[in-house]
Amino acid sequence: MAGRLIPPELTAACARVSPAGPAGPDGGGTARAAYVAWPASVAEASAVISAAAGLGLTVLPRGTGTRLAWGAPPRGCDLIVETTGLNAVLEHAAGDLVARVQAGVRLADLAATLAGAGQRLALDPPGGATIGGLIATGVAGPLRLRYGTPRDLLIGITVIRADGVVTRSGGKVVKNVAGYDLGKLYTGSYGTLGLIAEATFRLHPRPAAVSFVTLDCAGPAAAQQALAQAAGSALAPVAAEIDRPARDAQVRAGILLEGEPGSVAERASGLASLLGGGAAVSAEQPPWWGRGAASAAGTVLRIAFWPGQLAAVLGAIDAAALAAGLDPAVSGSAAAGVIHAAVPASAAPAAVAGFVTGLRAGLPGGPDDPSGSAASTDDGLDGASPDDAGPPARASAVVLHAPAEVISAVDIWGPVPSLPLMRSVKDQFDPGHRMAPGRFAGGI
């Protein structure tokens with residue numbers, strides 16, 4: 001493809017466009033891009049997407065590519081629009097605890113900028129990424145227990161629709177509720193509704209001190225009880241994680257406390273007493289902390305559930321893994337109802353597919369669960385997230401990323417109750433289905 005001529009409509013719209021080339025970026029799967037554009041402004045991004053629409057090209061937004069392999073491989077990928085040129089912190093209103101940034105700003109760079117004012121964007125996903133990528137995938141780290149996901153911190157957004165039209169929602173005031181809430185709609189949309197160009201976030205002060213209280217639990221039930229005690233206490237933990245590196249390994253629990261030094265020390269001591277013998281207190285995070293979905297190659301599943309069902313979920317993972325002959329590592333924000341199960345890339349695709357199928361059947365609320373217990377919905381295009389307190393639904397298991405052989409053998413999204421609504425939204429925002437087509441659930 002290196003010799004392919006670039007349509008003049010693209011070069012007129014954006015100063016930097018090139019053929020993708022045989023070693024160029026792809027669409028995260030089998031779809032190889034023909035062209036790559038690097039817009040340096042929102043106006044250029046709008047113009048190049050408008051030109052692509054006129055040419056009938058399929059488009060995939062891309063930041064650093066950290067999570068480009070998440071979701072299904074797009075059916076088509078004629079043009080990749082790189083957002084790394086949109087890398088400006090446009091405004092930091094420190095007095096209002098608000099920042100407005102372009103989508104290509106890296107989370108680490110934004111953190112360094114905000115740190116000078118003693119502030120932060122309370123998102124700590126593993127592996128880093130651009131701001132646009134974080135919103136597009138809806139990813140969050142351990143701090144989600146206290147601060148939520150990107151959709152909870154987003155108060156304004158600028159997006160470019162599939163036809164190139166620039167649309168804005170929200171504002172720079174935390175309580176601004178004018179207009180449609182495009183931020184929640186675009187969070188977790190995987191680039192299928194348009195390109196995220198700018199975002200305005202609510203910020204929080206950086207803590208003066210932190211303390212980690214860790215505990216080796218006797219089993220899943222003990223881990224569930226420990227996390228419930230911590231999260232339900234008046235000691236205000238901001239994160240509560242678990243880690244289990246193998247099926248028969250001990251479950252390790254960790255709880256993070258933040259605040260002023262004196263308060264943190266007192267609360268950490270109180271939490272250690274509450275959790276009982278064996279609880280340790282340290283200012284250093286455990287080496288497994290925040291491992292999440294970015295820590296492993298191979299297949300990684302995100303499992304969303306009501307936090308009170310942790311023991312049942314771990315039991316379902318074990319049963320499905322044993323039947324498939326696998327030994328997944330498990331970690332994540334158990335007190336927030338989101339954990340990850342990782343299977344090595346060396347695992348046989350058929351075994352991984354069997355594990356996914358068996359797990360979905362055995363999760364709380366699934367067909368093999370006699371209790372019919374409910375769990376929260378998963379992140380997605382309809383704006384739902386595992387942290388919502390909306391109508392209950394069965395627990396879910398989504399394959400975040402996997403080898404191509406696994407993706408072809410299993411439905412990576414699983415049952416999606418709101419799929420008709422999500423398809424209707426896709427039809428309205430992208431009638432030609434040109435934005436990352438097929439990357440989301442149901443072929444959206």
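The following questions and answers deal with the cavities, burial and salt bridges of a predicted model.

Trainee: How many helices and strands does the protein chain have?
Mentor: The model is predicted, and helices and strands are taken as runs of DSSP states. On that basis the protein chain has 13 helices and 19 strands.

Trainee: What percentage of the residues in the protein chain is buried?
Mentor: A residue counts as buried when its relative accessible area is under 20%. The protein chain has 444 residues, and the buried share of them is 54%.

Trainee: How many cavities of 30 Å³ or more are found, and about how much space lies in the largest?
Mentor: Rolling a probe the size of a water molecule over the atoms shows where empty space is left. The search of the whole structure gives three cavities of 30 Å³ or more. The space in the largest cavity is about 260 Å³.

Trainee: Which element gives the most to the lining of the largest cavity?
Mentor: The lining has 22 residues, and Gly 133 and Ala 136 are among those nearest the centre. Strand 3 (59-62), helix 4 (131-137) and strand 10 (195-202) each supply at least two lining residues. With four residues, the one that gives the most is helix 4.

Trainee: How do the residues of that lining divide into nonpolar, polar and charged?
Mentor: Gly counts as polar here, whereas Ala and Pro count as nonpolar. The lining of the largest cavity divides into eight nonpolar, 11 polar and three charged residues.

Trainee: How many positions apart in sequence are the parts tied together by Glu 258 and Arg 120?
Mentor: The side chains of Glu 258 and Arg 120 meet in a salt bridge, at 2.6 Å from N to O. Glu 258 lies in strand 14 (residues 251-259) and Arg 120 in strand 7 (residues 119-120), so the pair ties together parts whose separation in sequence is 138 residues.

Trainee: In the salt bridge of Asp 243 and Arg 252, is Arg 252 buried or partly exposed?
Mentor: The side chains of Asp 243 and Arg 252 meet at 2.2 Å, N to O. Asp 243 has 1% relative accessibility and counts as buried. Arg 252 has a relative accessible area of 26%, so Arg 252 is partly exposed.

Trainee: Which residues are joined into one network by salt bridges that share partners?
Mentor: Lys 426 and Asp 430 form a salt bridge with the closest N and O atoms 2.7 Å apart, and both residues are buried. The network is made elsewhere, where salt bridges with shared partners join Glu 91, Arg 100 and Glu 198.

Terms used: Residues are numbered from 1 along each chain as its sequence is written. This is a predicted model: local features need pLDDT of at least 70, side-chain atom pairs count only at pLDDT 80 or more; totals for chains, interfaces and linings use all residues. Side-chain values use heavy atoms; hydrogens and water are left out. On a 1 Å grid over the protein atoms alone, a cavity is a set of points where a 1.4 Å probe fits but cannot get out, and a pocket is an open set with protein on both sides within 12 Å along at least five of seven lines; lining residues have an atom within 4 Å of a point. Grid points are joined across faces, edges and corners, and a volume is the space filled by probe spheres set on the points. Buried means under 20% relative accessible area, exposed over 50%, partly exposed in between (1.4 Å probe, protein chains only). A salt bridge is a side-chain nitrogen of Lys or Arg within 4 Å of a carboxyl oxygen of Asp or Glu.
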